[in-house]
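Visitor: Can you walk me through a strand and a couple of odd backbone angles in this one?
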Amino acid sequence: LYILAGNELLVKAVTQEMSRNSVNKIPELIIVSVPVRNSRKYHNYFTPTNSQTIGDGREIPGFLADTGKGEDFMSFLGNELLPHIDSTYRTLPYRILNGHSLAGLFTLNASLVKPDLFQAYLAIDPSLWWDEQVLVKHLEGNIKDGKYPEGAMYIALASRQREGRDSMDKPIINFSNQLKLTGTEDLYFRLQEFPEEHHGSVPILALYNGFQHIF
């Protein structure tokens, strides 16, 4: 299980509890945490394109000047980190990628551009509003070309009403609707909405339900 800029203690607690012999809902997992502590780098490495605009339409050129380095970060995972983990630990050929917010955007982007790296994806309230829904458009193009995502995919949507929430919810729903249109048996997909949760409170519930879906 690879987690991107997430709460390591939360993920560890959930996975340990769900994999206990008396619970036995998921197998034991090797947890690989990939932290990005600096908020500026967080925007840089998890975004697939360079954009100066955030979800509500505001432009913040200075803060977002170096965004769009997702391809570099993807190369680091595929060429350096994953081979290192596989050569160092007793891994099995089944990798899960988990991300929240912009890391959730990166998680879903990985399913489109590097589908050979991971076999399952857990995206929690992903920032699919990024760059005028660029990932939604990417998925649409892939589907037209007959390229469909594969594996297990779980997307959590925190939809408790608040200002600006609609602009973040619609892209997630648009992306999910496109996935539902594929009709491929190679994709095991679920979108789960949490109407009582907001962006910051949804991860713990999403982790639990997402693991149940994947396994």
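Visitor: Which residues of β4 are buried on each side?
Guide: A120, L122 and I124 are buried on one side, and Y121 and A123 on the other, so both faces of β4 are covered. Buried means under 20% relative accessible area, exposed over 50%, and partly exposed in between (1.4 Å probe, protein chains only). With 5 of its 5 residues buried, β4 (residues 120–124) is largely enclosed by the rest of the structure. Helices (H or I, at least four residues) and strands (E, at least two) are DSSP runs, numbered from the N terminus.
Visitor: Is this a model, and what are the ground rules?
Guide: The model is predicted: local features need pLDDT of at least 70, side-chain atom pairs count only at pLDDT 80 or more, and totals for chains, interfaces and linings use all residues. Residues are numbered from 1 along each chain as its sequence is written, and side-chain values use heavy atoms, leaving out hydrogens and water.Visitor: How many bridges join β3 to β4?
Guide: There are 5, and the two strands run parallel; strands count as paired if DSSP finds at least two bridges between them. Y121 in β4 is the bridge partner of L97.
Visitor: New topic: what is phi at S101?
Guide: About 65°, positive although S101 is not a glycine. S101 sits in the loop between β3 (96–100) and α4 (102–113), and counts as buried at 14% relative accessibility.
Visitor: And E132, buried or exposed?
Guide: E132 counts as exposed, at 63%. Its phi is positive too, near 55°.

Definitions and conventions: Residues are numbered from 1 along each chain as its sequence is written. Side-chain values use heavy atoms; hydrogens and water are left out.
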